[in-house]
Amino acid sequence: MTNIAFIGLGNMGGPMAANLVKAGHAVTGFDLSPASCDQARADGVTVAGSAAEAVKDAEVVVTMLPAGKHVLAVWAEILPSLQKGALVIDCSTIDVESARRAHGLADERGLQSLDAPVSGGVGGAQGATLTFMAGGARNAFEQAKPILSKMGRKVVHCGEAGAGQAAKICNNMILGISMIGVAEAFVLAEKLGLSHQALFDVASTSSGQCWSLTTYCPVPGPVPTSPANNDYKPGFAAALMLKDLKLAQEAALASGASTPLGAEAAQLYALFANAGHDGEDFSGIINFIRGSNG
Ligand code: NAD
């Protein structure tokens, strides 16, 4: 049993902390939201009065927060209270630059750290089936792996500090672009009188095959479990896709990479979200491309 502190008990962090409790760990948590604290308490988490108090006896700390500025503020608050040898893992999706700065803060204090964002959404957090993509020193990764495995199905070491965040935004840039490509193909098929099922049957076994088509098909019918069959309820909300595409664009600008389709996808998702669809599943962009509200 490891003493674990968990800061950020929201939609993702709440069920992740609950899975650590189920696995037999002693988990002390903190969140600014009283409702999240109440839920965590009901799940067996000991709720502390502040982030610094939560980490006092922790061997491992996990943070699951909205953005880079929250992670840096929380890490600056908790690092001085941590015992020697403690490991700090950030599972939030944040910009690569902030992730590297967070590692730097831990380094200054001689603490081990890992950036370990996740894929799999709230369902994956609840079912402990997340994929973790980790960046940091190999020994920090080896120490984190048994803990992360209690919250997910796959844990991948992607490289040094920031590599986990880099993998996350590159993957989600592929996803945003490919969903728009699949949506455009279905809209063109409609104009050409080709049925959704016929396009699916061909493309899903041809060179157009991809996850956006075969798992998350943006039209109702061919893949019964896709959000298109459930009124485009998320799933993966358009607001989160937009967040990740913006992070990819920030990273592209900072590193000098050319990502014209990533930039276009970010623009399209911004238009879609600003038109009031930010809470819809990101596959709902097909209705926007078609010019209908679905
Ligand atoms: P959320 O808003 O539900 O949870 C974030 C929590 O952090 C909130 O409860 C908030 O009160 C808390 N918080 C903010 N500042 C704090 C502070 N200073 N101290 C303590 N608590 C603080 O968001 P979420 O959906 O759980 O997402 C968390 C992270 O996971 C984000 O970075 C998001 O991009 C990423 N992510 C989300 C999903 C998803 O499907 N929701 C999927 C993959 C990755």
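Author: A polar contact is a pair of N or O atoms within 3.5 Å. The model discussed here is predicted.

Reader: What makes the pair formed by D31 and the ligand a polar contact?

Author: A polar side-chain atom of D31 lies 2.6 Å from an oxygen atom of the ligand. The cut-off is 3.5 Å, so this pair is a polar contact.

Reader: Which backbone atoms are paired with the ligand, at T93 and at L32?

Author: At T93, a polar backbone atom is 3.0 Å from an oxygen atom of the ligand. At L32, a backbone N or O atom lies 3.5 Å from a nitrogen atom of the ligand. The definition asks for a distance within 3.5 Å, and therefore the L32 pair also counts. The protein covers 83% of the 830 Å² of accessible area that the ligand has on its own.

Reader: Why is the ligand said to sit in the largest pocket?

Author: The term applies if more than half of a molecule's atoms lie within 2 Å of the pocket's grid points; the ligand is assigned to the largest pocket, and therefore satisfies that condition. Helix 6 (121-127) and helix 11 (238-255) are the elements that give two or more residues to the shell around the ligand.

Reader: How do you know that both domains contribute to the shell around the ligand?

Author: Domain 1 (3-160) and domain 2 (166-292) each supply at least three residues. By class, the shell has eleven nonpolar, eight polar and three charged residues.

Reader: What makes D231 noteworthy in its phi?

Author: Most residues other than glycine have a negative phi. D231 is not a glycine, yet has a positive phi of about 60 degrees. D231 is found in the loop between helix 10 and helix 11.

Note on methods:
Residues numbered from 1 in each chain as written. Predicted model: local features only at pLDDT ≥ 70, side-chain atom pairs only at ≥ 80, totals over all residues. Heavy atoms only, no water. Polar contact = N/O pair within 3.5 Å; in protein donor to acceptor, adjacent residues only side chain to side chain. Areas by Shrake-Rupley, 256 points an atom, 1.4 Å probe, with all protein chains shown as cover. 1 Å grid on protein atoms, 1.4 Å probe; cavity = no way out; pocket = protein on both sides within 12 Å on 5 of 7 lines; lining within 4 Å. Helix = DSSP H or I, 4+ residues; strand = E, 2+ residues; numbered from the N terminus. Nonpolar A, V, L, I, M, F, W, Y, C, P; charged D, E, K, R; others polar. Domains from an automatic or database assignment.
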